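Good morning, colleagues. Please take a moment with the sequence and the structure before I go through a few local features.

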Amino acid sequence: MENIEDIDAQLHLPEAIIQLIQSFLTRKEAASTVVLSKPWYKAWLTRPVLDFDEHDFPNVVQFLNFATTSMERYHESNLNIDTFKLWMDADDSYSFSRAIELIVNALKIGAVDFNVELDLPFSFPLPKEVFESKPLVELSVNGCIISDVDVICSRLKSLSLLMVHIEDSMIRRIILNCPRLENLLLYNCNGIDEVNVGRMVNIKNLCYYQGVTTTMRGKIPLIRFEEKGSTAEFCRLTSLLLERVKIDEMLFSDFSSKFPCVKNLKVHHCLGCVNFDISSHSINSISLAHMMRLKIRLDVPNIHKFKFSGATNIPLLYVVPAASMEWESNIALSCWNNLRVWWFLELNDFLTNLCTSKITLGIELMRVRDAECLPEFAGNFKPMVENLTLQVNSLLSDGGVALADGLCWSFRPKFINLHLNNTKDRRSHTITELQKQSNEFVLILSKKLMYPVRLQDLEQANIEILEDEQWRPLDPITFHNDVARMEKDVHIRFQLSWRQH
């Protein structure tokens, strides 16, 4: 039988091909290929990727020795690299200084794709040599301080700054001096008051994310899209993701002219804008989230997915009718106030505007104590909801009778999913009042669905329980007692069939 070296010699794989194969493997997998044959060992030693991760070593001393030796071998052999990746826990001054040496030396041997993450008890200053590297094409850094330095990396195409401290002046300098920048990610950065991306004419993917804790500690940054006093046109932008930043109220007016190629739009909890008038033939995914009440108008004939996440305030929504096509809408509502009649009316109107899509709805009751009963009137259109997930985290005054009535009045769900928490308290060895009422609500809902009086269009109802990742039918007469006896969390669902009008 031929050995691996004989087969390898017959194939005559060029070193570049072997290195390409190794590049698709993890660090450990690529390193293990050195035992295959001498060409594979040589290819690994001279690969244009240096990927150093302290997790792969028993201690930091061995890691630093390996990284330093590897770097010296490349320098002495006059070998260049394309990609440099570094992750290490530099929790002392010695480790930190060695990490900085690795970064600077990687730039000297030609690294153009740069990814650095140092787990430090403090933010470290990024060496000025990074932004002074003319060949630099991709840069991703985590947890550092970027001071005002010269920016001459005019070839930079991708920049990711994660939990970085950077001032407005440095951001402006990067935008002015990196005209080829296509991808910009700002994630939980601080020190920024305002960013104007109006001159980034080549930008394709823009993501600016501020977490809850970051915005609580400091100012909420303002992002502008202006050039010479008016909103610029971003003809290459395909993905726009904004979260917890300030934006202009008029940003979404004349959307198709400003952003003619955007396919993916995400705007979550941003200040300054509650009106979204989005008209676009390019958009196929929209995700909006806000605690305040939004006004949304959508003219997006090629939409595939619409997502909304909010609180008790349901948006005013209008969807321009389009040619028939399959699209999905995913709605998540966290309710912190009592549910009045108008809430159910607005829910019905909101879902009716989404009725041409396949609707998935999640409702979480946080501090709801009361739900008002709806008046007795019929004739309203009830949109179909593919899947409803209910999570009851409140003690309802009537056990949930009005809630069940209001939901059944607002729409027609095909499936209703509920999670029952039967885990007993460790101290009292009993279930809490909230757990008891959650179980009681399921019983109320089951009676309404399994023995309908007012639901004249309900043709069939079944109840099922999830066990071993399989749905098993339950007896509607005994299921409540069966579930109550289970001392674990239970996932049940109602499967409903409604008469089509």
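Let me begin with a definition: a residue is buried when its relative accessible area is under 20%, exposed when it is over 50%, and partly exposed in between, with a 1.4 Å probe and protein chains only. Helices (H or I, at least four residues) and strands (E, at least two) are DSSP runs, numbered from the N terminus. The model is a predicted one, in which local features need pLDDT of at least 70 and side-chain atom pairs count only at pLDDT 80 or more, while totals for chains, interfaces and linings use all residues. Residues are numbered from 1 along each chain as its sequence is written, and side-chain values use heavy atoms, with hydrogens and water left out.

I start with helix α11, residues 401-410, which is mostly covered: 8 of its 10 residues are buried. Among them are L403, L407 and W409.

I turn now to the strands. Two strands pair if DSSP finds at least two bridges between them. One open sheet has 3 strands in the order β4-β6-β8, with parallel pairing. Strands β4 (124-125) and β8 (165-166) stand at its edges with a single partner strand each, so one side of each has no neighbour in the sheet. Between β4 and β6 (residues 144-146) there are 2 bridges, and F124 stands opposite C144.

Elsewhere, strand β17 (residues 275-279) has alternating side chains: F276 and I278 point to one face and are buried, whereas N275, D277 and S279 point to the other and are not. Strand β17 runs parallel to β19 (residues 295-299), joined by 5 bridges, and I278 stands opposite L298.

Next, the aromatic rings. Rings of Phe, Tyr and Trp (its six-membered ring) pair if their centres lie within 6.5 Å; planes under 30 degrees apart count as stacked, over 60 as edge-to-face and the rest as tilted. The count by this rule is 14 aromatic pairs. F57 and F63 make an edge-to-face pair, 5.6 Å centre to centre with 65° between the planes. Is each of these rings buried or partly exposed? F57 is partly exposed at 23% relative accessibility, and F63 is buried at 0%. Both belong to one aromatic cluster with F52, F66, F84 and F114.

F308 and F350 are also edge-to-face, at 6.1 Å and 65°. This pair links distant parts of the chain, from strand β20 to helix α10, 42 residues apart. Both F308 and F350 are buried.
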